Amino acid sequence: MYRMKQISLTAMANFRRWRSNPQVWLAFGLGFVICFLLSNKVLLFAQEHNTILQVLEPFIWTFGDANSILLVSLCLLLLFADVPNVSNEVPLFLVRMNRMNWMLGQILYMVLGTLAFVGFILVSTCLLAGLHAYSANLWSDTAAILGYSQIGRKIAVPAFVKVLELSFPYPCMLHIFGLMLGYSVFMAGLILYLNLWKGNYGMIGGIAFSGFGFLLNPEVIANWFHIPLERIRIANIIFGWISPLNHATYYMHNFGYDNLPKLWVSYVFFILGSLILFGLSLWKIQTYAFQFTGTQNIT
């Protein structure tokens with residue numbers, strides 16, 4: 001019980017810095033701007049065709065796409081670029097608790113902070129839908145038009161027929177939220193470990209991680225190398241299994257008639273990957289040399 005209190009106090013100390021940290025405000029501000037710009041296509045389409053939306057559909061059609069997830073996840077670089085934050089109160093924490101508890105507090109802060117950020121993205125898209133939406137667990141006429149015609153593809157809205165036929169808005173939203181959260185926590189764990197291992201390399205590692213996911217997009221590869229349609233389907237399956245970004249993309253999963261990973265496989269992938277990275281951080285903190293201005297190193 002006392003150990004949990006120490007871990008919680010460490011996490012709370014990080015959250016208290018949010019009020020005066022411009023990077024945090026910038027991350028949430030950019031997140032809202034991204035939500036507005038990406039979901040605006042769906043909202044304008046509904047207004048132009050005089051149709052209404054299910055309140056979750058702006059979130060579903062916006063963040064069911066890999067590129068949208070990639071853009072939002074980059075905001076985490078601002079949110080967690082300086083973790084673990086070695087501020088003035090850290091020497092006191094290290095005197096009153098061991099390094100393991102302190103690092104567990106940092107990990108708890110990152111998980112809860114990521115949950116808050118992804119939740120903010122969900123709430124923002126729902127608010128942007130405004131009065132043009134309803135809350136029933138049924139797909140709207142707008143979704144049917146986008147999914148069963150070529151209009152969705154023309155305006156770059158990923159409304160896929162298999163999503164409409166095999167799921168409902170609320171379960172679909174929960175899966176997209178869970179996949180985004182898993183991908184974001186995995187990325188946050190990578191940032192934390194690289195900051196501990198190589199100073200401030202977390203930012204570089206996060207950008208490289210995002211670039212790796214972008215390059216393993218089958219559409220990008222097909223455009224670059226002019227791969228024919230038959231091979232694109234094979235590449236789609238291969239990259240669907242090995243790319244973390246594709247694991248975070250809802251429609252890139254097996255719904256019963258292809259060889260893509262199932263949803264539970266992606267959840268296991270993100271959970272195990274995050275646990276490994278956090279475990280490496282706990283191992284690294286035992287030999288990490290703290291540096292405080294005006295003090296000697298704590299080794």
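**Exercise 1.** Is Cys35 buried or exposed?

Solution. The model is predicted. The relative accessible area of Cys35 is 0%. Buried means under 20%, so Cys35 is buried.

**Exercise 2.** Find how many disulfides the structure holds, and check Cys35.

Solution. A disulfide is a covalent bond between the sulfur atoms of two cysteines. The cut-off for the sulfur pair is 2.5 Å. Searching the whole structure gives zero disulfides. For Cys35, the nearest cysteine sulfur belongs to Cys75 and lies 8.7 Å away, and Cys35 is in no disulfide.

**Exercise 3.** Compare the end-to-end distance of helix 11 with its expected span, then decide how enclosed the helix is.

Solution. Helix 11 covers residues 169–197, which is 29 residues. The expected span is 1.5 Å times one less than the number of residues, and for helix 11 that should be 42 Å. The end C-alpha atoms are 42 Å apart, so the two values agree. Next, take burial: 22 of the 29 residues are buried, so helix 11 is largely enclosed by the rest of the structure. After helix 11 comes Gly199, with a positive phi near 65°.

**Exercise 4.** Place Val268 in the structure and classify its accessibility.

Solution. Val268 sits in helix 16, which runs over residues 263–285. Its relative accessibility is 38%. Buried ends at 20% and exposed begins over 50%, so Val268 counts as partly exposed. Val268 also belongs to a nonpolar surface patch with Trp264, Ile271, Leu272 and Leu275. Together these five residues have about 530 Å² of accessible area.

How values were computed
Residues are numbered from 1 along each chain as its sequence is written. This is a predicted model: local features need pLDDT of at least 70, side-chain atom pairs count only at pLDDT 80 or more; totals for chains, interfaces and linings use all residues. Side-chain values use heavy atoms; hydrogens and water are left out. Patches are made of residues with over 30% relative accessible area and no salt bridge: like charges are joined within 9 Å, nonpolar side chains (Val, Leu, Ile, Met, Phe, Trp, Tyr) within 5 Å. Accessible areas come from the Shrake-Rupley method with a 1.4 Å probe; for residues, only the protein chains shown count as cover. A salt bridge is a side-chain nitrogen of Lys or Arg within 4 Å of a carboxyl oxygen of Asp or Glu. Helices (H or I, at least four residues) and strands (E, at least two) are DSSP runs, numbered from the N terminus. Buried means under 20% relative accessible area, exposed over 50%, partly exposed in between (1.4 Å probe, protein chains only).
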